[in-house]
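Welcome! Here is a short briefing to read alongside the structure, grouped by topic so you can follow each point at your own pace.

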Amino acid sequence: MTESPALPALWPAPLAPGAVDATVTVPGSKSVTNRGLVLAALSSEPGWLRRPLRSRDTLLMAEALRTLGVGIEETASSSSAGATAQGGGGEAWRVIPAGLHGPATVDVGNAGTVMRFLPPVAALADGPVRFDGDPRSYERPLGGVIDALRALGARIDDDGRGALPMTVHGSGALDGGPVEIDASSSSQFVSALLLSAPRFNQGVEVRHTGSALPSLPHIRMTVDMLRSVGAQVDAPESGGEPNVWRVTPGALLGRDLVVEPDLSNAQPFLAAALVTGGRVTIPDWPAHTTQPGDALREIFTTMGGSCELTEDGLTFTGTGRIHGIDVDLSEVGELTPGIAAVAALADSPSTLRGVAHLRLHETDRLAALTKELGELGGDVTETADGLHIRPRPLHGGIFHTYDDHRLATAAAVIGLAVPGVQVENVATTAKTLPDFPAMWTDMLDPAPARSV
Ligand SMILES: O=C(O)C1=C[C@@H](OP(=O)(O)O)[C@@H](O)[C@H](O)C1
Ligand SMILES: C=C(OP(=O)(O)O)C(=O)O
């Protein structure tokens, strides 16, 4: 792979020289890696994560767990599937659970998974754990987790806004039990409580009481991963009551987990096939997964491409024609910026619905997409819960990214088709995809060695 040079403040997004034809190996899933780390840290025996994602969000999670006393050793993978599978570089993390200790300070950066999944873990530590992070982390919703943990027996000092910074005064154990929570602003509230619940004295019964719950596949991922380490979980999709999850207290097993490629990070590369009328193969695309990115097969097919899942991976082929789409993205909200980028290049309007909660993601994604696509000549309006996108010819200009990795990758997709797009702070992609600029130029490089 091409070495990443120092990244300029304004990255000139490369125009596609023609139809792309590439195989792109995408690093591990952020959501799986960070759940895997938390579950392994709470287990009663050591475990492995193979092909973990090494990005800002996952390194923050690993560092936070180390700060609390967990051992995490980075090694070359020595056995099992991870050692032979493509693209992992054989890397593995050995997680050695230990007593959780405060005082400690956790830097959450702007990682929703770290700021939501770790306070329940901190409640199990035997001392104070302070949580702090990027300025944006102070604005992202956390009140549901704070209130729920208090109801379950934790002592937490915050400034009364239900947000960071805050200190969780761990006492070495948490009662747990039934709790009501409004998780309409983030599914991560539910995932956070479920992940640590096997270690609560009474487990947990989480009842979501608010309006629609976003990102349900991510809650299913939590439930699946809990079950895979031996937890007993009742969930709505397995015959349980709607909006109620129950986790029984019990020891978790140390497991050997091979992390799937991050299908949401595959999005810009699949979009490149769609936009250029080319072909992109993503190796190791799982046949069955809870990752929301799997929905791209259907969404991008509706928008004009076709795909085939074979033993080589997922091959997505575009025709060069892109159609608009009317779609509810509430289950797959993190795909919205990339879909909006493709929609801005389509031959008919699009309506993206069900994603009001994106206003409280890394940035206000609905406002940012409206403004930045508009400044390139696009016609985008915000609705109460999404975007209307009416394609118009676009021109070059600066695409601001607001420290949002998915804004930066969306801008790169626009830049394939529109000359002169300059992406501000493309380095922000390191939140979940550290080598994005090099992966992108390698995908476009017509050199014979196409495997990125
Ligand atoms: O649990 C997870 O790993 C995630 C859940 C979703 O959060 P929201 O429900 O807050 O959208 C998603 O957008 C985020 O990228 C990752
Ligand atoms: C919303 C996202 O991240 P986070 O885990 O910080 O919520 C995202 O990756 O699109």
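Ser 215 counts as buried in this predicted model, because 24 C-beta neighbours lie inside 10 Å of this residue and 20 or more are enough for that label. From there, the points below turn to a second serine, the record's annotations and the shell around ligand 2.

**Ser 215**
- Ser 215 sits in the loop that runs between strand 11 (204-208) and helix 7 (216-228).
- Setting aside neighbours within four places in sequence, Ser 215 is in contact with Ser 187, Pro 292, Glu 331 and Gly 333.

**Ser 31**
- Ser 31 belongs to helix 1, which covers residues 30-41.
- Ser 31 is buried too, because 32 C-beta neighbours are found inside 10 Å.
- Residues up to four places away in sequence aside, Ser 31 touches Thr 113, His 218, Met 221 and Gln 291.

**What the record says**
- In an unreviewed entry, UniProt gives the feature "binding site" to Lys 30, Ser 31, Arg 35, Ser 186, Ser 187, Gln 188, Ser 215, Glu 334 and His 361.

**Around ligand 2**
- The residues surrounding ligand 2 are Ala 111, Gly 112, Thr 113, Glu 334, His 361, Glu 362, Arg 406 and Thr 432.
- By character, this shell around ligand 2 holds one nonpolar, four polar and three charged residues.
- Both domain 1 (10-27 + 261-444) and domain 2 (30-232) supply at least three residues each to the shell around ligand 2.
- Glu 334 and His 361 appear in the shell around ligand 2 and are also among the "binding site" positions in the UniProt entry.
- Thr 113, another residue around ligand 2, is one of the contacts of Ser 31.

Definitions and conventions:
Residues numbered from 1 in each chain as written. Chains lettered and ligands numbered in written order. Predicted model: local features only at pLDDT ≥ 70, side-chain atom pairs only at ≥ 80, totals over all residues. Near = placed C-beta within 6 Å. Nonpolar A, V, L, I, M, F, W, Y, C, P; charged D, E, K, R; others polar. Domains from an automatic or database assignment. UniProt positions renumbered as here; feature names shortened; annotations may be inferred. Helix = DSSP H or I, 4+ residues; strand = E, 2+ residues; numbered from the N terminus. Buried ≥ 20, exposed ≤ 12 C-beta atoms within 10 Å, placed from the backbone. Contact = placed C-beta atoms within 7 Å.
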